[in-house]
Amino acid sequence: MHQKITLILTVTCSVSAFADQILVDANGFGDYTNIQDAIDVANDGDEVIVLPGTYTARDVADTEVVNMLGKEISLLSFAGAATCIIDAELARRGIVCANGETNATLIDGFTIRNGSALLGGGAGIRISAASTTIEDCELEEFVPQALLAVVVVAVLGACNQLTACCPPL
């Protein structure tokens, strides 16, 4: 008598073991229309790829357009700083890295403009207790607040890699 034996293999993979690419398009053809929404769902190792357009905060009460949330992700412009703009609308900071980001956190290829910060500087980019890598970004059109000089990039207590940025950081 022959007995049929069925072997069942179960393969379990951790979803976080594979990097995802999350597409952001202001015109609605990506996974998200807002950069922060994409960062919120990203996991370490993911790439957030931003298509050409102008990106602002989700809500008028937001204190920054982009907060990297301590994630080791890459925030990448698809077509470079000339076409991918983070606009703080003279009401908030452009980008904040203040949650222990490491050099594995990359921001590459954006124009960051119209930033404003009342306290602590960093109207364009504020880096505090983080070691972020920033490449090929342009910073422009920032305003002073409360008679303070504009500090476009504030780097507080961290070792950062800032390359090919205009004006030089």
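The points below concern a predicted model of a single chain, its confidence, its overall make-up and the surroundings of strand β7.

1. Confidence. Mean pLDDT for the chain is 81, with 72% of residues at 70 or more. Two stretches fall under 50: residues 5-16 and residues 146-150. For residues 5-16 the model has one contact beyond four places in sequence. Residues 146-150 have six contacts beyond near neighbours in sequence.

2. Make-up. The chain holds one helix and 14 strands. Among contacts between residues at least 6 apart in sequence, 80% join residues at least 24 apart.

3. Burial and surface. The chain has 169 residues, of which 43% count as buried. Its exposed area is about 9100 Å², and 56% of that comes from carbon and sulfur atoms.

4. Strand β7. This strand covers residues 93-97, and five of the five are buried, so β7 is largely enclosed by the rest of the structure. The cut-off for buried here is under 20% relative accessible area. In a regular strand, side chains alternate between the two faces of the sheet.

5. Pairing with β4. Strand β4, residues 64-67, runs parallel to β7 and is joined to it by three bridges. Within this pairing, Arg-93 of β7 has Glu-64 opposite.

6. Pairing with β10. Strand β10, residues 125-128, also pairs with β7 in the parallel sense, over three bridges. Here Ile-125 in β10 is the bridge partner of Ile-95. Strand β7 thus has parallel pairings with β4 and with β10.

Key
Residues numbered from 1 in each chain as written. Heavy atoms only, no water. Buried < 20%, exposed > 50% of the residue type's maximum accessible area, 1.4 Å probe, protein only. Helix = DSSP H or I, 4+ residues; strand = E, 2+ residues; numbered from the N terminus. Pairing = 2+ DSSP bridges. pLDDT = per-residue confidence, 0-100. Contact = heavy atoms within 4.5 Å. Areas by Shrake-Rupley, 256 points an atom, 1.4 Å probe, with all protein chains shown as cover.
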